[in-house]
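Me: I am in my first year and would like a careful look at one part of this protein, the place where metal is held. Please take me through that part slowly, and then through what lies around it.

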Amino acid sequence: MASETRAETVEDPIQMALFDARIDRGESIEPKDWMPAKYRKQLTRMMSQHAHSEVVGMLPEGNWISRAPSLRRKMSLIAKVQDEGGHGLYIYCGTETLGVDRAELMDQYLYGTAKYSSIFNYPTLSWADMGVIGWLVDGAAIVNQTMLAHASYGPYARAMVRICKEENFHKRQGYELCATLAKGTPAQKAMVQESLNRWWWPSLMMFGPPDKASPNSGDLLRWKVKQKGNDELRQRFVNLTVPQAEAIGLTLPDPDLKKNSETGDWEIGKIDWDEFNAVLAGNGPCNRERIEARRKAHEEGAWVRDAAAAFAAKRAPAAGHAA
Ligand SMILES: [Fe+2]
Ligand SMILES: [Fe+2]
């Protein structure tokens with residue numbers, strides 16, 4: 001670890017040139033291939049943040065499972081929350097192909113400084129939030145992850161293909177829930193509008209800071225881990241979402257929102273990056289609660305990990321013998 005904090009590794013220029021050429025040809029980089037230390041490090045950071053986000057993302061919605069208003073809604077919500085746990089597992093496995101130990105990643109996340117998506121530090125205050133999260137948060141995740149399905153690192157790209165299929169379900173059930181509330185009683189419509197007002201801006205922040213203020217984007221774009229910048233993806237999401245809100249009679253809480261007739265883009269007002277930075281720094285409404293919940297689950301689950309390890313150790317000689 002100490003060496004990582006010192007000056008950056010100097011790469012062999014021939015290996016580096018061959019690697020860059022592979023990236024330029026659009027080839028997929030696989031776990032056993034040579035890759036620059038910085039590529040490995042950036043991917044580890046990005047993939048582990050993604051995995052942590054999937055797992056912490058189970059908390060805001062898990063909070064409403066026991067209060068779902070019908071069996072149908074409860075089943076969808078349980079399935080969705082379970083899917084998110086599965087997404088976390090795929091991506092942790094993908095991260096391990098880069099040679100990092102999962103226990104180390106968990107340690108950085110639960111007791112260190114590893115980040116996860118800032119959106120999950122907001123509270124779920126009403127039932128309508130279950131719809132709006134599916135529609136906006138999973139909707140934003142799809143825009144990001146569809147692009148990542150073409151990422152240059154093979155295991156990450158392949159994980160995204162399956163994950164995107166499931167995210168599409170999440171988005172549809174969320175939008176359907178919002179549409180149902182929007183055409184319900186005046187109280188139901190007011191509830192979903194209020195929820196949309198709270199989640200709109202944080203969901204736009206999910207794409208990260210503007211490209212000119214995004215320190216890691218340059219390398220990730222150059223190595224085709226990311227194919228598009230934060231601003232372009234955010235714009236794509238806005239263009240998709242504005243007509244969806246209109247279709248169900250809801251309004252977006254942005255008085256400056258207007259369509260640019262030349263580009264066809266829906267232009268948004270100013271995003272409050274101070275709020276984003278505060279949440280990222282650990283001062284969002286639920287940061288402490290979320291990390292506490294995850295630590296508690298991790299510590300209370302220690303016996304399961306111990307039992308699984310003991311079971312694997314017991315079976316290992318038998319398996320070796322059989323082979
Ligand atoms: Fe997910
Ligand atoms: Fe999802």
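Reply: What follows goes through the metal site, then the helices that carry it, and then some other parts of the chain. Please keep in mind from the start that this is a predicted model, and that each value below was computed from its atoms.

Let us begin with the iron ion (ligand 1), whose protein donors are Glu 54 (OE), Glu 84 (OE), His 87 (ND1) and Glu 167 (OE), at distances of 2.0 to 2.2 Å. Written along the chain, these donors have the spacing E-x29-E-x2-H-x79-E. The four donor atoms make angles of 88 to 140 degrees, and the site is classed as irregular. Two of the residues in this site come from distant parts of the chain, since Glu 84 belongs to helix H5 and Glu 167 to helix H8, with their positions 83 residues apart.

The iron ion (ligand 2) has as its protein donors Glu 84 (OE), Asp 138 (OD), Glu 167 (OE) and His 170 (ND1), which lie 1.9 to 2.2 Å from the metal. Here the spacing in sequence is E-x53-D-x28-E-x2-H. This arrangement is irregular because the angles subtended by the four donor atoms run from 94 to 153 degrees, whereas a tetrahedral site would need all angles to lie between 85 and 135 degrees.

How far apart are the iron ion (ligand 1) and the iron ion (ligand 2), and which residue bridges them? The two ions are 3.4 Å apart, and Glu 84 coordinates both. Glu 167 is likewise listed among the donors of the iron ion (ligand 1) and among those of the iron ion (ligand 2).

It helps next to ask where these donors sit. Glu 167 and His 170 are both part of helix H8, which covers residues 154-182, and they are three residues apart, or about one turn of the helix. In general, an α-helix has 3.6 residues a turn, so residues three or four places apart point the same way. Glu 167 has a relative accessible area of 2% and is therefore buried, and His 170 also counts as buried because its relative accessibility is 2%. Glu 84, at 5% relative accessibility, counts as buried as well, the cut-off being under 20%.

Glu 84 leads us to helix H5, residues 71-96, whose 26 residues should span 38 Å at 1.5 Å a residue, and the C-alpha atoms at its ends are indeed 38 Å apart, so the two values agree. Among the buried residues of H5 are Glu 84 and His 87, along with others including Arg 73, Lys 80 and Tyr 92. The cover over these buried residues includes H3, helix H4 (58-62), helix H6 (102-111), helix H7 (128-148) and H8.

Since H3 is part of that cover, we can follow it to Val 56, which is located in this helix. Val 56 is buried, because its relative accessibility is 0%. Leaving aside residues up to four places away in sequence, Val 56 touches Tyr 109, Tyr 116, Phe 120, Arg 290 and Arg 294.

Helix H3, residues 37-56, also holds Tyr 39, which pairs with a ring from a distant part of the chain. The structure holds 11 aromatic pairs, and one of them joins Tyr 39 and Trp 223 edge-to-face, with 5.7 Å from centre to centre and 85 degrees between the planes. Trp 223 lies in the loop between helix H10 (217-222) and helix H11 (230-247), 184 residues from Tyr 39. Tyr 39 is buried at a relative accessible area of 1%, and Trp 223 counts as buried at 3%. Ring pairs also bring in Phe 19 and Trp 34, making a cluster with Tyr 39 and Trp 223. In addition, the charged end of Arg 222 sits over the ring of Trp 223, 4.5 Å from the ring's centre.

The loop between H10 and H11 is also the place of Lys 224, which is partly exposed, with a relative accessible area of 28%. Lys 224 has a positive phi of about 55 degrees although it is not a glycine. For comparison, most residues other than glycine have a negative phi.

Definitions and conventions. Residues are numbered from 1 along each chain as its sequence is written. Chains are lettered from A and ligands numbered from 1 in the order in which they are written. This is a predicted model: local features need pLDDT of at least 70, side-chain atom pairs count only at pLDDT 80 or more; totals for chains, interfaces and linings use all residues. Side-chain values use heavy atoms; hydrogens and water are left out. Donors are N, O and S atoms within 2.8 Å of the metal (3.2 Å for Na, K and Ca); water is not among the atoms, so sites may look incomplete. Four donors count as tetrahedral if all angles lie between 85 and 135 degrees; four count as square planar and six as octahedral if opposite donors are over 155 degrees apart and all others between 65 and 115; anything else is irregular. Helices (H or I, at least four residues) and strands (E, at least two) are DSSP runs, numbered from the N terminus. Buried means under 20% relative accessible area, exposed over 50%, partly exposed in between (1.4 Å probe, protein chains only). Rings of Phe, Tyr and Trp (its six-membered ring) pair if their centres lie within 6.5 Å; planes under 30 degrees apart count as stacked, over 60 as edge-to-face and the rest as tilted. A charge sits over a ring if NZ of Lys or CZ of Arg is within 6 Å of the ring centre and within 35 degrees of the ring normal. The expected span of a helix is 1.5 Å times one less than its number of residues. Contact means heavy atoms within 4.5 Å.
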